[in-house]
Amino acid sequence: MTIQEYEEKLLKLIDDGIDTATDDELFAGGYLRGHISLAAAECELNGLVDLALMKEKIVSAVNNAKSELTPQDYVFVNNYVVEMLNFYK
(Lines give C-alpha, C1' and ligand atoms only; values in the text may rest on other atoms or scores of the structure.)
Protein backbone atom coordinates (compact mmCIF):
# COMPACT_ATOMS: atom_id res chain seq x y z
CA MET A 1 0.00 0.00 0.00
CA THR A 2 1.33 3.46 -0.87
CA ILE A 3 1.39 6.48 1.42
CA GLN A 4 -1.40 8.07 -0.63
CA GLU A 5 -3.55 4.93 -0.43
CA TYR A 6 -2.99 4.75 3.33
CA GLU A 7 -3.94 8.41 3.73
CA GLU A 8 -7.12 7.80 1.72
CA LYS A 9 -8.03 4.76 3.84
CA LEU A 10 -7.55 6.67 7.10
CA LEU A 11 -9.60 9.63 5.87
CA LYS A 12 -12.31 7.27 4.61
CA LEU A 13 -12.38 5.55 8.00
CA ILE A 14 -13.07 8.94 9.59
CA ASP A 15 -15.69 9.84 6.97
CA ASP A 16 -17.46 6.49 7.23
CA GLY A 17 -17.98 7.01 10.95
CA ILE A 18 -19.57 10.45 10.70
CA ASP A 19 -23.18 9.26 10.83
CA THR A 20 -22.69 7.32 14.06
CA ALA A 21 -19.86 9.28 15.68
CA THR A 22 -20.12 10.91 19.07
CA ASP A 23 -19.27 14.58 19.42
CA ASP A 24 -15.84 13.57 20.74
CA GLU A 25 -15.24 11.28 17.76
CA LEU A 26 -16.29 14.01 15.33
CA PHE A 27 -13.89 16.42 17.01
CA ALA A 28 -11.02 13.91 17.00
CA GLY A 29 -11.64 12.93 13.38
CA GLY A 30 -11.74 16.52 12.22
CA TYR A 31 -8.65 17.36 14.24
CA LEU A 32 -6.72 14.39 12.87
CA ARG A 33 -7.56 14.97 9.19
CA GLY A 34 -5.02 17.76 8.95
CA HIS A 35 -2.32 15.80 10.76
CA ILE A 36 -2.89 12.77 8.53
CA SER A 37 -2.71 14.78 5.31
CA LEU A 38 0.35 16.70 6.49
CA ALA A 39 2.15 13.48 7.43
CA ALA A 40 1.35 11.99 4.02
CA ALA A 41 2.57 15.11 2.23
CA GLU A 42 5.81 15.17 4.25
CA CYS A 43 6.44 11.49 3.47
CA GLU A 44 5.84 11.98 -0.23
CA LEU A 45 7.92 15.15 -0.34
CA ASN A 46 10.83 13.33 1.27
CA GLY A 47 10.44 10.17 -0.80
CA LEU A 48 9.48 8.06 2.22
CA VAL A 49 7.40 5.00 1.43
CA ASP A 50 7.38 3.18 4.77
CA LEU A 51 3.91 3.28 6.32
CA ALA A 52 5.43 2.90 9.78
CA LEU A 53 7.19 6.25 9.28
CA MET A 54 3.91 7.88 8.31
CA LYS A 55 2.26 6.46 11.43
CA GLU A 56 5.13 7.81 13.53
CA LYS A 57 4.70 11.25 11.93
CA ILE A 58 0.99 11.29 12.77
CA VAL A 59 1.55 10.23 16.39
CA SER A 60 4.41 12.71 16.74
CA ALA A 61 2.26 15.52 15.34
CA VAL A 62 -0.47 14.78 17.88
CA ASN A 63 2.07 14.68 20.70
CA ASN A 64 3.65 17.95 19.54
CA ALA A 65 0.23 19.60 19.43
CA LYS A 66 -0.65 18.49 22.95
CA SER A 67 -0.58 22.09 24.21
CA GLU A 68 -3.32 23.01 21.69
CA LEU A 69 -5.76 20.64 23.37
CA THR A 70 -7.29 20.39 26.78
CA PRO A 71 -5.92 17.43 28.73
CA GLN A 72 -9.21 15.57 28.23
CA ASP A 73 -9.26 16.28 24.47
CA TYR A 74 -5.63 15.21 24.15
CA VAL A 75 -6.34 11.85 25.79
CA PHE A 76 -9.35 11.30 23.54
CA VAL A 77 -7.53 12.33 20.34
CA ASN A 78 -4.51 10.23 21.25
CA ASN A 79 -6.66 7.17 21.95
CA TYR A 80 -8.61 7.75 18.74
CA VAL A 81 -5.47 7.96 16.61
CA VAL A 82 -3.98 4.83 18.16
CA GLU A 83 -7.21 2.92 17.54
CA MET A 84 -7.42 4.22 13.97
CA LEU A 85 -3.80 3.40 13.12
CA ASN A 86 -4.22 -0.10 14.54
CA PHE A 87 -7.25 -0.62 12.31
CA TYR A 88 -4.96 -0.65 9.26
CA LYS A 89 -1.81 -2.45 10.35
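## Helix packing in a predicted model

User: Which residues of α2 are buried?

Analyst: This is a predicted model, and in its helix α2 the buried residues are Ala28, Gly29, Tyr31, Leu32, His35, Ile36, Ala39, Ala40 and Cys43.

User: And what do those buried residues of α2 pack against?

Analyst: They pack against α1, which covers 3-16, and also against α3 and α4.

User: How many residues does α2 have, and how far does it reach?

Analyst: Helix α2 runs over residues 23-45, which gives it 23 residues, and from its first C-alpha to its last it reaches 34 Å, close to the 33 Å expected at 1.5 Å a residue.

User: Where does α2 bend?

Analyst: The bend is at Leu32 and comes to about 30 degrees; Leu32 is also one of the buried residues of this helix.

User: What about the phi of Gly47, after the helix?

Analyst: Gly47, which follows α2, has a positive phi, near 70 degrees.

User: Switching to α3 and α4: at what angle do they pack?

Analyst: Helix α3, residues 51-64, and helix α4, residues 71-87, pack at an angle of about 175 degrees, and their axes are 10 Å apart. Because angles over 145 degrees count as roughly antiparallel, α3 is roughly antiparallel to α4.

User: Which residues make that contact?

Analyst: From α3 the contact is made by Lys55, Ile58, Val59, Val62 and Asn63, while α4 contributes Tyr74, Val77, Asn78, Val81 and Leu85. By type, the residues of the contact of α3 with α4 divide into 7 nonpolar, 2 polar and 1 charged.

User: Lys57 isn't in that list, so which helix is it found in, and what does it touch?

Analyst: Lys57 is found in helix α3, and, leaving out residues up to four places away in sequence, it touches Ala39, Glu42, Cys43 and Leu48. Of these, Ala39 and Cys43 are among the buried residues of α2.

User: Is Lys57 buried, exposed or partly exposed, and how far is it from Tyr80?

Analyst: Lys57 counts as partly exposed because its relative accessible area is 25%, which falls between the limits of 20% for buried and 50% for exposed. From C-alpha to C-alpha, Lys57 and Tyr80 are 15 Å apart in space, with their positions 23 residues apart in sequence.

User: Where does Ala65 lie, and is it buried or exposed?

Analyst: Ala65 lies in the loop between α3 and α4, and it is buried, with a relative accessible area of 5%.

User: What does Ala65 touch?

Analyst: Not counting residues up to four places away in sequence, Ala65 touches Tyr31 and His35, both of which appear among the buried residues of α2. The C-alpha atoms of Ala65 and His35 are 9.8 Å apart in space, although the two residues are 30 residues apart in sequence.

User: Last topic, Glu8 and Leu53: which helices are they in?

Analyst: Glu8 has its place in helix α1, whereas Leu53 is found in helix α3. Glu8 is partly exposed at 44% relative accessibility, and Leu53 counts as partly exposed at 32%.

User: How far are their C-alpha atoms from Ile36 and Ile3, respectively?

Analyst: The C-alpha atoms of Glu8 and Ile36 are separated by 9.4 Å, with the two residues 28 residues apart along the chain, while those of Leu53 and Ile3, 50 residues apart along the chain, are separated by 9.8 Å.

Notes. Residues numbered from 1 in each chain as written. Predicted model: local features only at pLDDT ≥ 70, side-chain atom pairs only at ≥ 80, totals over all residues. Heavy atoms only, no water. Axes fitted to C-alpha atoms, helices over the stretch in contact; angles between N-to-C directions. Helix = DSSP H or I, 4+ residues; strand = E, 2+ residues; numbered from the N terminus. Parallel < 35°, antiparallel > 145°, perpendicular 65-115°, else oblique. Contact = heavy atoms within 4.5 Å. Nonpolar A, V, L, I, M, F, W, Y, C, P; charged D, E, K, R; others polar. Expected span 1.5 Å × (residues − 1). Bend = angle between axes of the 7 residues up to and from the residue. Buried < 20%, exposed > 50% of the residue type's maximum accessible area, 1.4 Å probe, protein only.
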